[in-house]
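Here is a walk through a two-chain model, written for someone who would rather look at geometry than adjectives. Have the viewer open and follow along.

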Amino acid sequence: MTEVSESRRDWVKLAGAGVAGLAVGYGLGFLTAPERVVEKEVEVPTEGLPGIPDEPLKIGYIYFMTGTLGTYGTNAAAAIELAVEEINNNGGILGRKIELTSKDEADRERVLDNISKMVQDEGAEIVVGLDSSGDALKVIPLVEEELQIPFIVTHAATPKLTECAKRKYIFRISMYEEPIDIMAAQLVKELYEGEVSVVANIGPDYAYGYDSWAIFSGKLKELMPDLEFLEPIYTPLFTTDYGTYIDQIKGSGADLLFSSLWGGDAATFFKQAVAKGLFDSVKVYMNAMLGATDTLEAIGNDNVPTGVDVWGSGRYWFLYPPHDVYPLNKAFVENFRRKTGSYPPYVAATSYTAIYAVKKAIETAYVMKGSWPEVDDIVSALEGLTVPGPMGPVYIRPEDHQGLYDVFWGRLKKGSPTYPMPILDDLVIYPPGKVFPEPLTTMVSC
Amino acid sequence: MDINLFIVQFFNALFFASILFLISSGLSLIYGIMKILNLAHGALYMLGAYVTFTVAILWLGMSWYSMLLAYLASILVVAGLGIFIERVLLKPLYNKPQDLQLLLTFALIFILDDIVKMIWGAQYRAFPKIPGWSIPVGDYQIPIYFILTVFIAIGVGLFLHWFFTRTTYGKMVRAISYSLETSSILGINTDRLFALSFALGAGLAGLAGGVAVPLYTASPGMGGDAIVLSFAVIVIGGMGSILGAFVGSLIVGFSRVFMAILFPVFEIALIYVIMAVILMFRPTGLFGMEMRERR
């Protein structure tokens, strides 16, 4: 491993320079974007624009608000509130204030009913949210056939949502799993060809875990056909004791471990793996969901192992694009911290961006129409829209309604003393064109 | 499988069984004595985890000494809350339909989840590192904390055995579990013993959470996931039997670990297959019959 580390470091440096270049570009492009600071009150005429309804625009959101996954909803809700406060303090959308209504996705039996309720009884004109991929797929017929309102998914990551058929009303602003897993395979080829030979997997025992491994291993087999791929390990959600699996992986002789464990599971597994010396034998560990600040906080600075390359990815990383060149991300991180005391996890960035996508789409549609847009006008405006989010500009591809933005993988480093958690460093950034499959295509079966 | 791997896997199973026993013994105890299925037992376990985290990490800083104090704090805080729950919330429902008790303990899950959120926030809470070093077994390692957990579980088992067979209180508690009416006629203060029993069961949940938290990631709602397997344990072992909880934990722990290695698809399913088979042939569980006969 060590002989090539110099060249690898060069490569990473080069990638870093590329990142900086890209980021400078973004920074220049978005320096003119309106500054989003919560405290700032701007007098905007609330009357005067013709065709704007008097009553507030109601936006509904639905996430896991309680139970083990409750952190997702709590963070998403905080970010949505932040966006709404910013927008309302600046006069709302074309003078129309936003009002929120919400439901708990943890109310498993009533996800569809609750979405209908928000729209039909509580007057939500747009809905954002959904953590569970299963729920996202279940919601398709309800939204497309019955409710027929713009529905922006901000978290659920199954490719099937956007890539198996073109939806009319459903959009997804968040990164889905496929580009992250494809990039992981490309990164292994670029950085570790000739250094790793046996590949293992540990992922959650449901569709997401299976799909992630299928995509990663499928792509890696294509790129490096000589590798040995072990039987993948899948663990039940919220497993508390990973000892068995850790020793199994250790006994298998794997030197590259891929994982799609997420949240508390990713942290618990990692800590136990460190304590059980898994990284004495595994030389490269890649976790597609490690780039989540809440997970990293749970891992802690003391659990960063040496002698192993730990890579993490995710759907947003709070230090990218870099704050010095992209003030929007800096402001978002600071405001989110002020509101919650935490560094924003990805679900915060994507839900925040969804609200701004709605604003921008309505404003765009209004320009074309001259009055408050109808549902179809908003949908058309969302197609092909580029909205600046904390993760950089997000382009909503019209063909599949999927949000496209930079994909990253970064190397785990101690974050102390600056950060209370480990951080991802040596970021390697691939632009969407390099890793997103063509619209309406996917490696998982539809 | 090489012998070292077999040894560490055997130990993994023992460790997992220990955690299960710590959780399920309190659950089983409360049911055995009071005939209350405390659905909020997992929430009490969660509270124990948070109290230990607070005392050992936020207040004192990690050391074996602070861990010990944190365990004690968890037991006391959660047992104290147990007394409050029993005296104030459950007692008025003793002569009402049993559904109401279930409903109450179910409601407590959400209330305690929200209390945890209010005090500690919704984010994950975790120890900075699993305490202690690791013992090498060939190429493998067993963290010393895993071993400590097994000893704590054995210690708790022995303590409960001593308490119920050797102390007057323990004997009185057993008496009321066989016949509440006879016991009160004989002059046993059943009120006080009910509170004591609930406090003991809750304290065990608190200790279980405290012992588990350095290895895991605490978050609101973690109790719900912990409790499901514990129900399997006490159904297999026999509801109300501490020995049953012990044997049930071993069965569930070993079947899970060895299925994960040999036949992963059935890792969790087998536990419920065992449970179903036992329910078919011995509806009171492996060690539950004795109590029913004597009642």
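## A link, an interface and some odd backbone

The bridge between A:C164 and A:C446 is left-handed, with -90 degrees about the S-S bond. Keep in mind that this is a predicted model. The two sulfur atoms sit 1.9 Å apart, and the count over all chains comes to one disulfide. In sequence the partners are 282 residues apart, so to speak at two distant parts of the chain: A:C164 is in the loop between α5 (160-163) and β5 (170-172) of chain A, while A:C446 belongs to the segment after α14 (432-435). How accessible are the two ends? A:C164 is partly exposed, at a relative accessible area of 27%, whereas A:C446 is exposed, at 64%.

Zooming out, chain A carries 14 helices and 16 strands. Of its 446 residues, 64% count as buried. Take the contacts in chain A between residues at least 6 apart in sequence, and 75% of them join residues at least 24 apart.

For a look at the inside, try A:S351 in helix α12 (residues 346-369) of chain A. Its relative accessible area is 0%, so A:S351 is buried. Which residues does A:S351 touch, leaving aside its neighbours within four places in sequence? The contacts are A:Y63, A:A76, A:A79, A:I80 and A:T154.

Now for the place where the chains meet. On each side the contact is made by 38 residues, 38 of chain A and 38 of chain B. Together the two chains bury about 3000 Å², with 50% of that on carbon and sulfur atoms. How many salt bridges are there between chain A and chain B? The count is zero. Polar contacts are another matter: the rule finds 19 residue pairs across the interface, both residues at pLDDT 80 or more. On the side of chain A that touches chain B, α2 (70-89), α8 (243-252), α9 (263-275) and α10 (293-299) each supply at least two residues. The largest share comes from α9(A), with eight residues. Sorted by class, that side of chain A has 11 nonpolar, 19 polar and eight charged residues.

Salt bridges do turn up elsewhere, and a search of the whole structure finds 29 over all chains. Three of them, in chain A, are set out here.

| Pair | Closest N to O distance |
|---|---|
| A:E125 and A:R96 | 2.9 Å |
| A:K219 and A:E222 | 3.4 Å |
| A:K330 and A:E334 | 3.6 Å |

The pair of A:E125 and A:R96 connects two loops: A:E125 is in the one between α3 (111-121) and β3 (126-129) of chain A, and A:R96 in the one between α2 and β2, so the bridge ties together parts that are 29 residues apart in sequence. A:E125 is partly exposed at 30% relative accessibility, but A:R96 is buried at 2%.

The other two pairs lie within helices. A:K219 and A:E222 are three residues apart in helix α7 (residues 207-223) of chain A, so about one helical turn separates them. Here A:K219 is buried, with a relative accessible area of 16%, and A:E222 is exposed at 54%. In helix α11 of chain A, A:K330 and A:E334 are four residues apart, again a separation of about one helical turn. Both ends are partly exposed, A:K330 at 36% and A:E334 at 39%. There is also a network: A:D309, A:R411, A:K413, A:D425 and A:D426 are joined by salt bridges that share partners.

A:D426 is worth a second look for its backbone. Phi is near 50 degrees, a positive value in a residue other than glycine, and A:D426 lies in strand β16 of chain A. At 23% relative accessibility, A:D426 counts as partly exposed. A:L94 also has a positive phi, near 55 degrees, but its place is in the loop between α2 and β2 (98-104) of chain A. A:L94 counts as buried, at 15%.

Finally, the cis peptide bonds. One joins A:Y320 and A:P321, with omega about -10 degrees, and A:P321 lies in the loop between β11 (309-313) and α11 (327-340) of chain A. The bond from A:S416 to A:P417 is cis as well, with omega near 0 degrees. A:P417 is found in the loop between β15 (407-413) and β16 (423-430) of chain A.

Methods
Residues numbered from 1 in each chain as written. Chains lettered and ligands numbered in written order. Predicted model: local features only at pLDDT ≥ 70, side-chain atom pairs only at ≥ 80, totals over all residues. Heavy atoms only, no water. Contact = heavy atoms within 4.5 Å. Buried area = accessible area lost by both parts, 1.4 Å probe. Salt bridge = Lys/Arg side-chain N within 4 Å of Asp/Glu carboxyl O. Polar contact = N/O pair within 3.5 Å; in protein donor to acceptor, adjacent residues only side chain to side chain. Nonpolar A, V, L, I, M, F, W, Y, C, P; charged D, E, K, R; others polar. Disulfide = S-S within 2.5 Å. Buried < 20%, exposed > 50% of the residue type's maximum accessible area, 1.4 Å probe, protein only.
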